[in-house]
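Q: Please examine the following structure and explain the terms used to describe it.

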Amino acid sequence: MEAPRPNEIPPADGVHSALIPDDVAGESLESVLRERRLDVPTCLRLGSELARWLDDLHSKHLIHRDLRPANVVLDTRHELRLLRVNGDLSGTDATARPSGDLPRDWAYASPEQTGRLNRVLDYRTDFYSLGIVLYRMLTGQLPFAAGDPVEWTHCHIACSPPAPQSIAPEVPRIVADIVLRLLAKLPEDRYQSAHGLRADLDRCLAQWQTTGRIEPFPLGLDDVSERFLIPHKLYGRDQELATLLDAFDRMATGGVPALVSVAGYSGIGKSALVHELQRPIVRANGYFIAGKFDQHQRDIPYATVTQAFRTLVQQLLTESEERIADWRQRIAEAVGSNGQLIVDVLPQVELIIGKQAPVPPLPPTEAQHRFRMVFRQFIAYSRPNWTPIPRQTGH
């Protein structure tokens, strides 16, 4: 069999999918896309093969979490292979939560993979990443442009991608609809099975090969999930949620801090209600942090507050060096020579402000007053200096 020429995609009947642990001789899809945009039938063939690979992977209750062109290789035997990079394959199920690992390439991260949403991370995260891969193959560019993880997070959560046919007019409308379905912000709005996705892609390819065009048809006719998944939706709390969102909008518009209390018996869903704020706050370019009062942690001072600010520090560490430097200056101004007091309760802060000098000992009462003063200043200076973006509707 003759080896493929540079930048040449093998024909459909010579493409097979495989999972391999290490690099393989061949050409990555990334290098191909840097040279040129692929035609529609080639995109459909490759998309179908990627869907078949995901179908096999998901059937084993695994997700990849790093599906991108750099991990797709066209080898010298005309086989399509996906690379397993540094053990990124993870055992998971429908109830698994994000592991806390940051995406290797933020351009291909799903909204729930950013860690900024109150959502579980399940196999449908791979469909979103595949949607970005298909979008780039069809249009020659990514659906979003950003410069750092914060901007990428905002794009994936809040921004709608341009229709593929607005960039590449030759892309059939039904193919564009498949891609946009994969790029839905909520997992339940995407395809629910790789089998259903592949069926739609194969139907498009068959029409193209027969007639040179693709007529519209209902999507998802074969898209039946084999897993029982409960939609992540809060019911019966529309009025309460609207009250909380209105309070956030007033605060974001006027810049005046606000306090809203949510009261009720244990187990009625207070935490679930509060966490519904996470997505609209992140979409408005804000930070969402949370801490929960636990009856078993009453003996730990400031446990709830430090839990919340620990989440904030983790988010700050994903930002650009320029923004981290700004936070470093602001926190240093707030704590002065008492930075070690904050590091003692929030060790992650040391990654931002660096090693701190020990603080002089004081009698218990004076030490408590000093800590309260420093912690209040830390909280005051930790108010993000951001320009709010109007809250959007739709997914």
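Q: What share of the contacts between residues at least 6 apart in sequence joins residues at least 24 apart?
A: That share is 71% in the protein, where contact means heavy atoms within 4.5 Å. The model is predicted, so local features need pLDDT of at least 70 and side-chain atom pairs count only at pLDDT 80 or more, while totals for chains, interfaces and linings use all residues. Residues are numbered from 1 along each chain as its sequence is written, and side-chain values use heavy atoms, with hydrogens and water left out.

Q: Why is V305 called partly exposed?
A: V305 has a relative accessible area of 31%. Buried means under 20%, exposed over 50%, and partly exposed in between (1.4 Å probe, protein chains only); V305 is therefore partly exposed.

Q: Where does V305 lie?
A: V305 belongs to helix α11, residues 303-316; a helix is a DSSP run of H or I of at least four residues, numbered from the N terminus.

Q: What makes the largest nonpolar core a core?
A: A nonpolar core is a set of buried Ala, Val, Leu, Ile, Met, Phe, Trp, Tyr and Cys residues joined through side-chain atoms within 4.5 Å. The largest has 53 residues, and L29, L38, L44, M137, V175, L197 and C204 touch the most other members. Elements that each supply at least two residues of this core include α2 (40-59) and α7 (194-211).

Q: Which residues does the second, separate core include?
A: Among its 21 residues are L312, A334, L341 and V374.

Q: How many of the 395 residues are buried, as a percentage?
A: Buried residues make up 47% of them.
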